[in-house]
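Okay, thanks for squeezing me in. I'll put the structure up and then walk you through it, strand by strand where I can.

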Amino acid sequence: MAVEVYLSENAFIGLLVSTIEVYRRECFGILLGHSTPDRVFVDFAVPYQTANRKFREVHIDWKRSERVEEAVRETSRWALVGDYHSHAMYGPLRATTQLSAEDQEYFTDGTVGIVVALNDISRPKRWAYRPDGVISGAINGYSIRLAAYAKRNGQIDKAPIICPYAVGFMGKRRALPRAG
Ligand SMILES: [Zn+2]
């Protein structure tokens with residue numbers, strides 16, 4: 001059975017704000033929460049501070065660094081459950097939520113990964129669950145899609161995202177000011 005990924009209001013807002021802030025650059029960060037065998041609850045999304053470096057360096061950095069894991073364990077009741085990053089529209093090329101070869105290579109077993117795809121959009125769009133387990137919507141000119149993946153025993157599978165807050169978010173899609 002596929003692992004389900006539950007996003008809290010905090011995590012959802014954190015993912016949107018941190019990825020929109022650096023658009024069109026890519027954002028990287030960690031996911032804090034807790035897990036059961038078939039569900040991962042993401043309570044917070046914390047952007048990684050040195051994200052203006054190359055993807056590979058960033059990933060190797062924090063995954064090898066036990067400082068992050070220790071800091072989380074010492075200061076909170078949450079665990080490091082995975083990481084996230086954004087894919088940004090590049091020129092005319094629209095970003096997707098598909099994992100790149102590099103994303104798959106640096107995917108740590110036993111964790112989840114969330115990909116936030118951002119593209120320019122001209123019209124508002126309601127937040128909705130899509131049949132493929134992705135959540136999509138728009139904020140002030142940005143089209144946003146969130147997809148989650150889970151790696152178990154060496155295999156990476158798509159993990160449906162559940163985010164009750166996103167449903168309530170539909171009615172106030174102008175709540176976040178556009179950056180710049
Ligand atoms: Zn990627």
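So, start with β1, where the side chains alternate: Val5 and Leu7 face one way and are buried, while Glu4 and Tyr6 face the other way and are not. That's the pattern you'd hope for, since in a regular strand the side chains alternate between the two faces of the sheet. I should say right away that this is a predicted model.

What does β1 pair with? On one hand there's β3, running parallel to β1 over four bridges, and there Glu4 has Arg39 of β3 as its bridge partner. β1 is also joined to β10, residues 161–162, by two bridges, again parallel. In that pairing Val5 stands opposite Ile161.

Let me zoom out for a second. The protein has 180 residues, and 35% of them are buried. There are five helices and ten strands. If you take contacts between residues at least 6 apart in sequence, 70% of them join residues at least 24 apart.

Now, how far can you trust it? The mean pLDDT is 85, and 82% of the residues reach 70 or more. Residues 171–176 are another story: pLDDT stays under 50 there. The model does have nine contacts for that stretch beyond four places in sequence, but where pLDDT is low, the predicted coordinates should not be read in detail.

Back to the sheet, and on to β2, residues 28–36. β2 makes a hairpin with β3, with two residues between them. The two strands are antiparallel and joined by eight bridges, and one pair to look for is Gly29 opposite Pro47 of β3. β2 is also antiparallel to β4, with six bridges between them. There, Leu31 stands opposite Gly82.

Just ahead of that strand is Cys27, which I know some of you will ask about. Cys27 is in the loop between α1 and β2. Is Cys27 buried or exposed? Cys27 has 23 C-beta neighbours inside 10 Å, so it counts as buried; the cut-off is 20 or more. Its C-alpha is 7.0 Å from that of Pro47, although those two residues are 20 apart along the chain.

In that same stretch of chain, have a look at Arg24, which is also in the loop between α1 and β2. The peptide bond from Tyr23 to Arg24 is cis, with omega near 10°.

Right, helix α1 itself, residues 9–22. How does its length check out? At 1.5 Å a residue, its 14 residues should span 20 Å, and the end C-alpha atoms are 21 Å apart, which agrees. The buried residues on α1 include Ala11, Leu15, Ser18 and Thr19. As a reminder, an α-helix has 3.6 residues a turn, so residues three or four places apart point the same way.

And that brings us to the core. The largest nonpolar core has 40 residues, and the ones touching the most other members are Val5, Leu15, Leu31, Val112, Ile114, Val116 and Leu118. Among the elements that give two or more residues to this core are β1, α1, β2, β3 and β4. Which element gives the largest share? That's β8, with seven residues.

If you want one residue to click on, try Val116. Leaving out residues up to four places away in sequence, Val116 touches Leu15, Thr19, Tyr84, Ser86, Ile144 and Leu146. As a general point, nonpolar side chains tend to be buried together in soluble globular proteins.

Over to the other helix I wanted to show, α3, residues 66–75. Glu69 sits in there, and with 14 C-beta neighbours inside 10 Å, Glu69 counts as partly exposed. Glu69 and Val81 are twelve residues apart along the chain, and their C-alpha atoms are separated by 9.9 Å.

Last stop, two asparagines. Asn140 is in the loop between β7 and β8, and has a positive phi of about 40° although it is not a glycine. Asn153, in the loop between β8 and β9, also has a positive phi, near 50°. Where do they sit in terms of exposure? Asn140 is partly exposed, with 14 other C-beta atoms within 10 Å, whereas Asn153 counts as exposed, with 6 such neighbours.

That's my tour, so go ahead and spin the model around.

Note on methods
Residues are numbered from 1 along each chain as its sequence is written. This is a predicted model: local features need pLDDT of at least 70, side-chain atom pairs count only at pLDDT 80 or more; totals for chains, interfaces and linings use all residues. The expected span of a helix is 1.5 Å times one less than its number of residues. A residue is buried if 20 or more other C-beta atoms lie within 10 Å of its own, exposed if 12 or fewer, and partly exposed in between; C-beta atoms are placed from the backbone. A nonpolar core is a set of buried Ala, Val, Leu, Ile, Met, Phe, Trp, Tyr and Cys residues joined through C-beta atoms within 7 Å. Two residues are in contact if their C-beta atoms, placed from the backbone, lie within 7 Å. Two strands pair if DSSP finds at least two bridges between them. pLDDT is the predictor's confidence in each residue, from 0 to 100.
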